[in-house]
Amino acid sequence: MKPVSDAHTPLSWAEDVYRRLAFTEFSEDLAFGLNICFYRTFAVPEIAKVLVSTRRMTEQTELRAKMTGRMMYLLFRDGLDSEQGARTVAALNRIHSRWRIGNDAFLYVLACFDVAPMRWCDTYAWRSATAAEKEASHVFYLGLADRMGIHTVPPTWGEFAAWTDRYEQERFAPTPEAAELWAATRGILVNRFPAVLGPAVRAAADALLDEPLRRAFGVRRPPSPVAALVSGGMRLRARRVRRSHADPNYRPVLPPAVRELG
């Protein structure tokens, strides 16, 4: 096991910053962004085939999502080199060792946790992520990549973002697996509402996707009124969260999986 980082290392700084983002500053937004941004992996045929082959993302969708969220938030809370962090990284390595996955695919999954959530916050959160926060995110995920044997990660967040854009342009493609994964994942959200609202909820979920994702998932562009309602709703949500942060008695709102960490 690698030695625990001291308080003056870049990794320790990054972990402190990212922990604050995950549990305080973006406690709602980062959790939402991490979930939505993970769906981007479905648009890569190589990754989608692996996810469908396990059946866990299609038959145990909610359980798989909760398990993934729990593992990531344990790393956010305790750090990569803590005892819990080392156990969690070992579990991640064990899970992924079962599949023949290329380094570029691993890099892209990493980008979906590093680059994509920061972009989500820039678009939908109560405030944009700062350059320092993006740097902290990247240093944290560089550390995770090192411990998982993922190599050739671009050295800065901006370079990783540019790499991500090129990768998506080259690799995104519509597949039956992508459509199946999105239908299963979207079903988690739909099932939380009365059945009569199902079509509207599905359309609203599709409105959160950009056009390349919609093409890969085989879903239609939502009607303009639905897209406008979703966009307006997200802006109202951001204002609500901004007002909450201005309250001296503000208490972060954490997702259930995070509250259950113990």
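Hi everyone, let me start with a helix pair: the axes of H7 and H8 come within 9 Å of each other and cross at roughly 165°. I should say right away that this is a predicted model. Since angles over 145 degrees count as roughly antiparallel, H7 and H8 are therefore roughly antiparallel to each other. As for handedness, H7 passes H8 in a right-handed crossing.

Who touches whom here? On the H7 side you'll find Leu-110, Phe-113, Asp-114, Met-118 and Asp-122, and they meet Glu-133, Lys-134, Ser-137, His-138, Tyr-141, Leu-144 and Ala-145 in H8. Sorted by class, that contact has six nonpolar, two polar and four charged residues.

Now stay on H7 and look at another partner, helix H9, which covers residues 157-171. The axes of H7 and H9 come within 9 Å and cross at roughly 120°. That angle makes H7 oblique to H9. This crossing is left-handed, whereas the one between H7 and H8 is right-handed.

The list of contact residues takes a moment to read out. From H7 we have Asp-104, Ala-105, Leu-107, Tyr-108, Leu-110, Ala-111, Asp-114, Val-115, Met-118 and Arg-119. From H9 come Trp-157, Phe-160, Ala-161, Trp-163, Thr-164, Asp-165, Tyr-167, Glu-168 and Arg-171. By class, the contact of H7 with H9 has 12 nonpolar, one polar and six charged residues. If you have the structure open, click on Leu-110, Asp-114 and Met-118: these H7 residues take part in the contact with H8 and also in the contact with H9.

Let's go back to H8, residues 131-148, and bring in H6, residues 83-96. Their axes come within 10 Å and cross at roughly 55°. That makes H6 oblique to H8. The crossing of H6 and H8 is right-handed. H6 brings Val-89, Leu-92, Asn-93 and His-96 to the contact, and H8 brings Leu-144, Arg-147 and Met-148. Those residues divide into four nonpolar, two polar and one charged. Leu-144 of H8 may sound familiar, as it also appeared in the contact with H7.

Next, the open spaces. Which residues lie nearest the centre of the second largest pocket? They are Phe-38, Arg-64, Leu-92, Ile-95 and His-96, out of 29 lining residues. Leu-92 and His-96 are names we just met, in the contact of H6 with H8. About 640 Å³ of space lies in this pocket. Several helices give two or more residues to its lining: H3 (45-54), H5 (61-78), H6, H7 (103-124) and H8. H5 provides the largest share, with six residues. In terms of class, the lining of this second largest pocket divides into 21 nonpolar, four polar and four charged residues.

Last stop: how many cavities of 30 Å³ or more does the structure hold? There is one, and the largest cavity has about 30 Å³ of space. It is lined by Thr-24, Glu-25, Phe-26, Ser-27, Glu-28, Asp-29, Trp-126, Val-241, His-245 and Tyr-250. The elements giving two or more residues to that lining are helix H1 (10-25) and helix H13 (224-246). By class, the lining of the largest cavity has four nonpolar, three polar and three charged residues.

So, if you take one picture back to the bench, let it be H8, with H7 roughly antiparallel to it and H6 oblique to it. Thanks for listening, and I'm happy to take questions!

Definitions and conventions: Residues are numbered from 1 along each chain as its sequence is written. This is a predicted model: local features need pLDDT of at least 70, side-chain atom pairs count only at pLDDT 80 or more; totals for chains, interfaces and linings use all residues. Side-chain values use heavy atoms; hydrogens and water are left out. Axes are lines fitted to C-alpha atoms, for helices over the stretch in contact, and angles run from 0 to 180 degrees between N-to-C directions. Helices (H or I, at least four residues) and strands (E, at least two) are DSSP runs, numbered from the N terminus. Angles under 35 degrees count as roughly parallel, over 145 as roughly antiparallel, 65 to 115 as roughly perpendicular and the rest as oblique. A crossing is left-handed if the near helix is turned anticlockwise from the far one by less than a right angle, and right-handed if clockwise. Contact means heavy atoms within 4.5 Å. Ala, Val, Leu, Ile, Met, Phe, Trp, Tyr, Cys and Pro count as nonpolar, Asp, Glu, Lys and Arg as charged, and the others, Gly among them, as polar. On a 1 Å grid over the protein atoms alone, a cavity is a set of points where a 1.4 Å probe fits but cannot get out, and a pocket is an open set with protein on both sides within 12 Å along at least five of seven lines; lining residues have an atom within 4 Å of a point. Grid points are joined across faces, edges and corners, and a volume is the space filled by probe spheres set on the points.
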